[in-house]
Amino acid sequence: MPNQEIVIPVSILRNLNDKAYEKHKQATLELIQYVRSLPDLRKIQELVQTLTLQFCQSTNGNHRKGGLIALAGLTIGLGSERCREFLKLIVGSVLKCFLDQDYSVRCCACESLYNIARIARENLLPFFNEIFDNLCKLAADPKLEVKNGSEILDLVIKDIVTETTEFDVTQFIPLLRDRISNNNQYVRSFLLGWINTLDSVPEIDLTKHLPSFVSGLFQMLSDKKSEIQTEAGNTLTEFIEQLIKRPSYDYGALVKILTNYCEYKDPKTKIAALSWFSQIICAAGEQMLPYIHEIAGSILPCLSDPSLEIQKISCAANKNLIKLIKSTNKPFPVKELVQSITKLLMIRLNNSRIAGLKWAICLHNKSASYLEDYLDFILPSLLQILSDQYDTVVKIALQVLSAISKNDEHFTKIFENLVFQFSNNEGLLQTRGQFIICELSLQIQPEKIFRVLANILEKEEDLIFASKMIQSLNKIML
């Protein structure tokens, strides 16, 4: 390790070791001139090592502050080109002091890096992630002086990034993804500031990387501070406007994120997710077909939300989704969609079940095979709905059953299952039996219905049930 007095002139060394800030400042001014007079890079390297090892890493806080100020002066003396090869050691030493236990050292570290950044400019970009990470931590610093210092530094780093074409956003995104879930309000404000700054740069495409950080923006909508909610909402609005203008996009990861937030307890968050779905469905059209089952499974439960606003926006999204299915001739995951609809039929959410039944009708109208190919899957749910207390729900379920029954291949099977349902649920036969048969008779020839029921009951082993069933049918005929 080089001797301090050999590397650094005695007058500069004396002032660096002093407690007073003014002495540190005087030493820095002298150091700037001294460095400019040094043509030997080896001596500069020794000087950097002395300042970093013997000052910035000193156990004496005043010495650490002296070293930090000196490193800034050294960078100024070197200039933007000459400082480049020493920046790794300089920046690394300054950043270590960002987490110093002495808040005055942390303040000094911010000031030091601010002055270094003003000289180094884009040469700092290789260290951007480290600088950003430390600034993110200082955003939540308990000392106001440190926060203020970090904010001033933050501004010059933003200027550097926005003025250069060399910033590599793909290297930054993993760090943003890791930090975006922080729920500290000051860190959130810091992150929002950076997201909006980067998004304002034409050469930087943040929208491409939305799945990596958009989840954190949705979480901010439920922040305790209204300012964070508003800023996050505005940022999300900006991104959705950009997204829907794109001719193509890989929506897979984004759909999974939005489906999660459609189930979120916070109303603002749920509304935002539903709004994104509604707009994306309209703009992206057939690009959304591979994910239609996931989207339907997320939107339809929201139709029964206590919030009228959520009901309204989920209704709009559902209409857009149905419109897409009706208009497309391209394939989509029918089986998965039928499964999603069937699950909804089993949930006691009235509006959602009605919507699910209407989806079933929509699919059958588009192609009878869409339901008939998966009849064994959806039929038990349709039959179970017949016990529902709401006539509207039962009527629509019967419309679905009637539509499927028009195929002679399934006609007998459906009525066999209906009779089985009656036999296992005596209350259903007594309270709903006549209503169900009458409703079916409005859509299927009554003669055809009575004939198939007669054939089924003729083979019925439970004679008591068969007798009750025949009595119900006689009352309908009368």
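**View 1. Val-35 sits in helix α3, which spans residues 21-36.** The model shown in this and the following views is predicted. Val-35 is buried, because its relative accessible area is 0% and buried means under 20%. Leaving out residues up to four places away in sequence, the residues that Val-35 touches are Leu-47, Leu-74, Gly-77, Leu-78 and Arg-82. Thr-230 follows 195 residues apart from Val-35 along the chain, and the C-alpha atoms of these two residues are separated by 49 Å.

**View 2. Asp-100 lies in the loop between α6 (87-96) and α7 (103-120).** Although Asp-100 is in a loop, this residue is buried, with a relative accessible area of 13%. Apart from neighbours within four places in sequence, Asp-100 is in contact with Arg-64, Val-105 and Arg-106.

**View 3. Helix α14, residues 252-261, is mostly covered.** Of the 10 residues in this helix, 7 are buried. They are Gly-252, Leu-254, Val-255, Ile-257, Leu-258, Thr-259 and Tyr-261. The cover over the buried residues of α14 includes four helices: α12 (210-220), α13 (226-243), α15 (267-284) and α16 (292-302).

**View 4. A salt bridge joins the side chains of Asp-223 and Arg-188.** The N to O distance in this pair is 2.5 Å. Asp-223 is in the loop between α12 and α13, while Arg-188 is in helix α11 (residues 185-199), so the salt bridge ties together parts that are 35 residues apart in sequence. Both Asp-223 and Arg-188 are buried. In general, side chains of opposite charge can pair when their charged atoms come close. The structure holds 20 salt bridges.

**View 5. Glu-294 and Lys-256 form a salt bridge.** Their closest N and O atoms are 3.4 Å apart. This pair links distant parts of the chain, with Glu-294 in helix α16 and Lys-256 in helix α14, 38 residues apart. Glu-294 is partly exposed, with a relative accessible area of 22%.

**View 6. Arg-432 and Asp-391 form a salt bridge.** The closest N and O atoms of this pair are 2.5 Å apart. Distant parts of the chain are linked here: Arg-432 belongs to helix α24 (residues 426-441) and Asp-391 to helix α22 (residues 391-405), 41 residues apart. Arg-432 is buried, with a relative accessible area of 10%, whereas Asp-391 is partly exposed, with a relative accessible area of 39%.

**View 7. Asp-40, Arg-42 and Glu-46 are linked in a network of salt bridges.** The side chains to look for in this view are those of Asp-40, Arg-42 and Glu-46.

**View 8. Helix α18 (residues 334-345) packs with helix α19 (residues 350-366).** The angle between them is about 150 degrees, and their axes are 8 Å apart. The crossing of α18 and α19 is left-handed. From α18, the residues in the contact are Leu-337, Val-338, Ile-341, Leu-344 and Leu-345. From α19, they are Ser-352, Arg-353, Gly-356, Leu-357, Trp-359, Ala-360 and Leu-363. Sorted by class, the contact of α18 with α19 has 9 nonpolar, 2 polar and 1 charged residues. An α-helix has 3.6 residues a turn, so residues three or four places apart point the same way.

Note on methods: Residues are numbered from 1 along each chain as its sequence is written. This is a predicted model: local features need pLDDT of at least 70, side-chain atom pairs count only at pLDDT 80 or more; totals for chains, interfaces and linings use all residues. Side-chain values use heavy atoms; hydrogens and water are left out. Helices (H or I, at least four residues) and strands (E, at least two) are DSSP runs, numbered from the N terminus. Buried means under 20% relative accessible area, exposed over 50%, partly exposed in between (1.4 Å probe, protein chains only). Contact means heavy atoms within 4.5 Å. A salt bridge is a side-chain nitrogen of Lys or Arg within 4 Å of a carboxyl oxygen of Asp or Glu. Axes are lines fitted to C-alpha atoms, for helices over the stretch in contact, and angles run from 0 to 180 degrees between N-to-C directions. A crossing is left-handed if the near helix is turned anticlockwise from the far one by less than a right angle, and right-handed if clockwise. Ala, Val, Leu, Ile, Met, Phe, Trp, Tyr, Cys and Pro count as nonpolar, Asp, Glu, Lys and Arg as charged, and the others, Gly among them, as polar.
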